Each structure stands twice: as structure tokens, then as C-alpha cells.
Number of protein chains: 2
Amino acid sequence: MYDELIAPPRVLLGPGPSEANARVLKAMTTPMLGYLDTEFVHIMDDTVALLRRVFGTQNRLTLPVSGTGTAGMEAALANIIEPGDAVVVGINGYFGERIAEIARRCGGTVTTLHADWGTPLPAEKMAEAIAKTAPKLVALVHAETSTGILQPLEDIIQIAHEHDALFLADCVTSLGGQPVDLDARGIDIAYSCTQKCLAAPPGLSPISFSERAVAAIRHRKTPIQSFYLDMTLLENYWHGSARRYHHTVSMSLIYALREALRVVLEEGTYARYKRHENNARALLAGAKAIGLEPAAAEGYRAPMLTTLRIPEGIDDATIRKRLIEDYGIEIGAGLGIFAGKAWRIGLMGESSNERNVMLVLTALEKLLIAFGHAVEPGSAVHAAAQVYADR
Amino acid sequence: MYDELIAPPRVLLGPGPSEANARVLKAMTTPMLGYLDTEFVHIMDDTVALLRRVFGTQNRLTLPVSGTGTAGMEAALANIIEPGDAVVVGINGYFGERIAEIARRCGGTVTTLHADWGTPLPAEKMAEAIAKTAPKLVALVHAETSTGILQPLEDIIQIAHEHDALFLADCVTSLGGQPVDLDARGIDIAYSCTQKCLAAPPGLSPISFSERAVAAIRHRKTPIQSFYLDMTLLENYWHGSARRYHHTVSMSLIYALREALRVVLEEGTYARYKRHENNARALLAGAKAIGLEPAAAEGYRAPMLTTLRIPEGIDDATIRKRLIEDYGIEIGAGLGIFAGKAWRIGLMGESSNERNVMLVLTALEKLLIAFGHAVEPGSAVHAAAQVYADR
């Protein structure tokens, strides 16, 4: 009545999911274990220990939330914000907007600060808003998946802390592809996902709270509106000596995450960050050679996600359709104000490699030529190859 | 630094997860697809169509929420309840308590009605509370995982509808193991999980809303406090013609659910319900033969979860530890007021078979004898075998 599940082969170069590591997929065939089985508890403990290393933190309250990155965002905000709390949110893309939206649904009094899409948030503007509103929480996105901006954090963190505010960074796109270094930087709350630079399937959101953030949760006067995402209850299950039942976590996704984190640490985080940077550099050189200009400001580009402006006279949807149909390549459409105006090319986790860079450049070049753009055949790959040669 | 993932062999006879079907585990090795890939959208549509059949509904707003059963519970309540709304919750176990707790966190004015653990909720008592408070929502648990009670629904649904209330049934433990029949019964809101009678790994919560329930969502005056679980936004992604992005769903878990539902329908829902009933009958006959008495009232026992009173002089934890260590068998500890007083033996999905019935009876009998109980060797299996012979 419904046929066997068959997925077409795809080269995943969008904003995520990226290609899942083969070892990770294999780990998911491991049979179920009870959620309180001693052996499963060891696997949970391993996963947390590995997560702390990739997050760069000693935070006790570190665990994967049973939901996707947006669940992590909601967990972070709902546990910290009480009705009426002042919150400052920096917005320079789609996911900054989302933080503000969720903070409002948590009852926060939200001050938003905007920078143009494709530019970073200036620390001075953030400082003004922080000084004026004395917020409990300052929040922004580390790597904006909608624009490809990698936001400098240090100055804003310092300002937030000087004003006694907690600092939250959305690390959904950065974790595993660029350093997040929670403890060294003083990030109080961070969350991520599994399907981008960690190269696992989606479904979990690694999250971490500093001791200061935990104290804010402990001193709440009102209950957290979400029971499912209540970090105190989750902490009792993940870290309490009694391992108090809260909900049945997804063994398969935890097996996957544990294996994905092992792969990350076997490669080495530094080598992995470098790999993301090198491939992004080659991609961008090739793209520029065929007239595709970056939409993110120079010096602030996230290597795992490159946004490219769609040239005049080229139809967004047509090109993306041809990429899928002729090459099996998925790239991302523009989101928000970038819809129809920019492409998002993800080189994340396993998907970040020279083969994919050369493939997507070849395909884009051919299609631009097919649609009448004056491009020298081979120029994209030529420019990219030079970057790899110089490395 | 961390060894390869290895899970010990287990026979999963607790409250869930049950054994995942091998075809389901295999389906999870399928590579990722983009969340808007046409081919993935087909897989989503298949999954919804299959889910509707197992739920017994034509409800358009049917989909798997990206979280476990408790996320489904929260989605159901948070979308329907606005601050100040009257809610009647029937409680005869742990998960009824949880419904009331979440309903309160959603701002509901909650009236709770209690029946003893191990007994069903009487319709008359529910009727009184419904008449008195004129609630927007009446909620209870179909199969209480903490007590093994299968709650009769028809009378209470009729009363709720006569008073213009929506009716919610928690089908976490029943779906796939007993008929839920949403449309035939008039259940307005139902949610479930994947790791019990559907025999998939945990991580998703199938949910369904009737047209009346959808109208209640449409007519809300306040925003839903959860963005992650906002059904209107989820509907736009799952069912809207524009497939508007909300969050990146877990391809792997959706592959798993689709395959699990195929397996359910290949067996046939009626045959599957019968299988659950037959194995539960054999288990109970065997248990009684060695002095293990059911904790749930006769005539109201959920076949997928049998609660057995722990005999005087037998230590709960010792027996469960020996079952795991000597036989690899997991059974469930008592929850809430049944902690230390009852065991919960799940025969769910793949785990519901004659082999497991005979194995757990053999093991329990041996352990009871080892701890000094006067039991005739072989009596448990003998009694169970008679049930299978009579079938």
C-alpha cells in the first residue's frame, strides 16, 4: 500500500541537514535500551562528556534537549525569562527574529537591535541598549544561518557582564564548525543542533548553562511555562544521582550524537574548523570567478554557510531545480529578505569537502552559462583549485 | 578516548521503549534529505496518511510532533488552553497528574478528578465536574502507563460533547496496541509516542486535532506560549501548499515512523490488537499461577501493560536487577504510589510475543523460588501455555 522507503541520492549543500556521517547512521541501528538501564546511563554520561569538550565548557548543566535547534532556543529562553524580564536581542537575520519572537512568548520585555542582513551587530549599539534597559539577558546568533554572518562575541559579552546580564549565543550553525568556547568567552547559555556541523541527523539540541545561568533558573519566582523543556527536571534525569524519570529520551538519536561527537574529536576540533575555513575559501574564490558575489560582509563570514547574491536575470527557483534534477545537489534558498535574492551554500560537517566544492562550482558555472551569462568555462574550478594549491 | 558504541542485548518488557522493529532500524540508515526536498515531502505525506489510518481519523491536522510523548502532551494542551480556561482532568495514575501539571503551566484553571490507581475513572464523577465547571477541555489518559488501566471513553466523551467541551485522550501507550478510533469515538485531540506499540525508537509524538479542536485554536485570543509546538506553524509546514519552514524535522525519525506504520498496517490493526490481548492474557494467567496478582481492576486492563503486585517479602529492586543481570530482561519499576509495590510488564509492539511471555514467566518463577516462595516449578509456563492452546 505504501512502497518501501527509498531516498534519492543527494549532495546536501543547503543550510542543513548536511550529510550524516556513515558511522553515525550505523550507530542508529543499535537496539533500544531502557531509559534507566545502567548501560544506557553510561552512554548518556559519555555523550555529555563529549558534548562539553566540543562546547568548550565545564558546565554541569550540559545535555541534549529532545528536540531540534528551535526546541533548544525555546528551552534556553523559557528557563531564563520570567514575565516582565528585560531582554535585549540583537537581530541581523531570520534567527535573531525568532529569538525575539520566542522571548516575547515567554513574557519577556524585549528590546530589539537591528543590523542590516549580511552585516554583524555593532557592539556599541548593543552597549547602548544594554545600558538603557539593564536586561536580565542579552541574546544573539553566533552564526546566522540566514545570512552567513559569524558574529564577533567578545566585546558584547563583556558589556553584558559589566551590566550583570546573562549572555546567550545561538550556536545552531557554529558548533562543530567554528570554535564556540563557552567558558573561555564567558557565554552563559548556548544551544545548537545535530544536523549541521556535527554531521548527525536532526532531532536533538545540545544545550549548556553556566553556573550564573543555573542560579537564575534556581531563583525564578514563577514556574517555567514548558514542562517538556524544564531544565531542572531534565537535570534531575541527566545528572541527578536518582536519575529521576522525566520523559523517554530517544536512544537512537543519543547513539547518533555520541558517535558524531567521537568523529569530531577524532578529527580534532582545530583541524575541523580549519577544514571548514579552507573549503569556504575555495568555494568563495570559485563563486567570485563566475560573478557570484558574497552577501555577507568581508571579515565576518561564517565558513559553514556562504550566501551568494543571485545575479540579475537569473531565476532563483529555476537554478535550484536544475541543480537538484541534473546534479542531485541541494543548495539553500534565501530566507526572509534574502528570499529570491541570495543562495545559501552550506559546507557543513561531512559535506564540507573539496569534492563538493568542485561539484557545486561546476554545476553553477554550467547553469549560468546555459542561462546566457558570459562566464569563461572552467573559471570557477580553476579559481578554487588555486586556493587549495596555496593552502 | 571513548569506545565504540556497544549496547548489551536486552529483552525490553518495561513501559517502553519496546524492541524496535528491525525494518525500522534499517530505515534509519537512509541518508538525509532536505526538509523541503520534493521527495522528502512525499515521505512526510505518506507518514501522515499512514498515521491517520492507525489513529482512525480523517483529521487534516495530523502529524508527528518533533519530540517525545510528553512534547505531544504539551502541544495538545498549550494549543488549546488559554489563560483562565476551565479544564477538567481525570487522574488515576502518574500521567493524568502530568496532564494537570502541564495544563496549569498553560494557565488553565484546572479541576482534577481522582480515582484510585488501578481503577478506571467513573463517568458519573466526571459528569459532575463537567456540569459544574463547563470546561473548554476534558482530558484523561486512555491507557495509563503507570497502572495498566485501559479507560472506557464513550460515556465521558458524550458528556463532554453535551457540555460543549473538547475531549482529549492521551494515547501514548494505546496507539498501535488497542483501537483508538478517533473519529468513531469523537476524540477531539489525541497524541501518542513511537516507542511503545508502534515499535519504533522514541523521539516523535504523533498528534491529531479534530475540526472542532482546530476551530478552538483558530479562535484563540492569546498567542500560544510555545513557538516550537505551535500547531498553526507546524500545519503550515506539514500541510500548507507553501510548506513554510518552521524547524528542521528529524528525517531519520520520520523514516522510522513511516516504516513502523507500514509494518502495523501489513500485520493489520485488528490482528495486532488481538495479538496484544492474547499475549497479555497468557502473561496474566502465568503470573497468577505463581502468586503475582494484577494491580489493575478486572475488565479494565490494558493488554500492552500489565501491573503485578510485588508479593510480601520480595524486594523490588533485587528482582529487577537479577532479571537484567541473569536474563537480560527489563521490566518496569512501579511509578508514583506503585513504586516498590508493583512491577510493570510491557508487552508492546514487537515485544508482545509468546517467546517473551514464556521467558519472563520462567525467569520470575525461578527468582520467586530462589527467594523462598512456595511455587511449583513450571506452573507459570504451564498456565500460560494453556491460554495459548485455548486460543
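Through which surface do the copies meet, and what percentage of the interface residues of chain A are also interface residues in chain B?

**Figure 1. The shared surface of chains A and B in the predicted model.** The copies meet through the same surface, because 100% of the interface residues of chain A are also interface residues in chain B. Chain A contributes 59 residues to the contact, and chain B contributes 59 residues. For the complex, the predictor reports an ipTM of 0.98 together with a pTM of 0.98.

**Figure 2. Helices of chain A on the side that touches chain B.** Two or more residues of this side are given by each of α1 (22-27), α2 (38-55), α3 (69-80), α4 (94-105) and α10 (251-267) of chain A. The largest share, eight residues, is supplied by α10(A).

**Figure 3. Residue classes on the side of chain A that touches chain B.** The residues of this side comprise 28 nonpolar, 18 polar and 13 charged. The average pLDDT of chain A is 97, and 99% of the residues of the chain score at least 70.

**Figure 4. The rotation axis relating chain A to chain B.** A turn of 180° with a shift of 0.0 Å along the axis lays chain A on chain B, with an RMSD of 0.0 Å. This relation is therefore that of a two-fold axis. A:Gly67 is the residue of chain A that comes closest to the rotation axis, its C-alpha lying at 2.7 Å.

Conventions
Residues numbered from 1 in each chain as written. Chains lettered and ligands numbered in written order. Predicted model: local features only at pLDDT ≥ 70, side-chain atom pairs only at ≥ 80, totals over all residues. pLDDT = per-residue confidence, 0-100. Contact = placed C-beta atoms within 7 Å. Helix = DSSP H or I, 4+ residues; strand = E, 2+ residues; numbered from the N terminus. Nonpolar A, V, L, I, M, F, W, Y, C, P; charged D, E, K, R; others polar. Least-squares fit on C-alpha atoms with pLDDT ≥ 70 in both.
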